[in-house]
Amino acid sequence: PTGSTSTKVELRGNVLLLECIAAGLPTPVIRWIKEGGELPANRTFFENFKKTLKIIDVSEADSGNYKCIARNALGTAQHVISVTVKAAPYWITAPRNLVLSPGEDGTLICRANGNPKPSISWLANGVPI
C-alpha cells in the first residue's frame with residue numbers, strides 16, 4: 001500500500017488478508033506485528049514470502065493496528081494497517097423455551113453481540129413489551 005497507513009474492514013468469521021509488498025536491493029525481509037497485542041498463533045499464516053498476512057476466522061478481538069516492517073542491510077520501511085472487524089448480530093445466550101404454570105414466575109435471558117452492537121427488543125405475540 002502507498003503512504004504510511006491504511007485501513008481495512010473485514011467481517012467476523014471471514015479470512016483477513018493483509019498485503020505488504022516492499023521493493024529494495026538486497027530484497028527486503030518482511031516482518032508482521034500487531035501493535036499492543038499478539039498475532040493469533042493457531043490462525044495466522046504467511047504467504048508470498050511473508051508479503052501476505054492471513055488470519056482465518058477473524059473475530060472482533062482481531063481488530064487493531066497491524067504493522068509490516070520491510071528491512072534490508074540499507075534500511076527499513078514500515079506500514080500500519082488499521083483493521084476493524086464488523087459482525088452481524090450473533091447469540092451469546094439465545095432465549096430458551098419456558099413452560100410455566102399459572103402464577104409461576106420465569107426468566108427469559110437473551111444475550112447478543114455484534115459490531116456495531118445490536119439493540120435487543122422483546123415482543124409477545126408480535127407486540128412489543
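**Exercise 1. Identify the salt-bridge partner of R43 and state where both residues lie.**

*Solution.* R43 pairs with D62 in a salt bridge whose closest N and O atoms are 3.0 Å apart. The criterion is a side-chain nitrogen of Lys or Arg within 4 Å of a carboxyl oxygen of Asp or Glu. R43 belongs to the loop between β3 and β4 and D62 to the loop between β5 and β6, so the pair ties together parts 19 residues apart in sequence. Strands are DSSP runs of E with at least two residues, and helices are runs of H or I with at least four, each numbered from the N terminus. R43 is buried, at 19% relative accessible area, and D62 is buried as well, at 4%. Buried denotes under 20% relative accessible area, exposed over 50%, and partly exposed the range in between, with a 1.4 Å probe and protein chains only.

The model is predicted: local features require pLDDT of at least 70 and side-chain atom pairs pLDDT 80 or more, whereas totals for chains, interfaces and linings use all residues. Residues are numbered from 1 along each chain as its sequence is written, and side-chain values use heavy atoms, with hydrogens and water left out.

**Exercise 2. Determine how many salt bridges the whole structure contains, and describe those formed by R12 and E35.**

*Solution.* The search of the whole structure returns 4 salt bridges. One of them joins R12 to E60, with the closest N and O atoms 3.6 Å apart. R12 is in the loop between β1 (5–11) and β2, and E60 is in the loop between β5 and β6 (64–72), so this pair ties together parts 48 residues apart in sequence. R12 is partly exposed at 39% relative accessibility, and E60 is partly exposed at 22%.

E35 and K67 also meet in a salt bridge, at 3.6 Å from N to O. Since E35 lies in the loop between β3 and β4 and K67 in strand β6, the contact ties together parts 32 residues apart in sequence. E35 is partly exposed, at 33% relative accessible area, whereas K67 is buried, at 16%.

**Exercise 3. Examine which charged side chains sit over aromatic rings.**

*Solution.* A charge sits over a ring if NZ of Lys or CZ of Arg is within 6 Å of the ring centre and within 35 degrees of the ring normal. The charged end of R12 is over the ring of Y90, 3.5 Å from its centre. K50 lies over the face of F46, at 4.9 Å from the ring centre.

**Exercise 4. Locate the unusual backbone features named here.**

*Solution.* Begin with the cis peptide bonds. The bond from L25 to P26 is cis, with omega near 5°, and P26 is in the loop between β2 (16–19) and β3 (29–34). N115 and P116 are likewise joined by a cis peptide bond, with omega about 5°; P116 is in the loop between β8 and β9.

Next, consider positive phi. F49, although not a glycine, has a phi of about 55°, and K50, also not a glycine, has a phi of about 70°. F49 is in the loop between β4 (44–47) and β5 (52–55), and K50 is in the loop between β4 and β5. F49 is exposed at 76% relative accessibility, while K50 is partly exposed at 37%.
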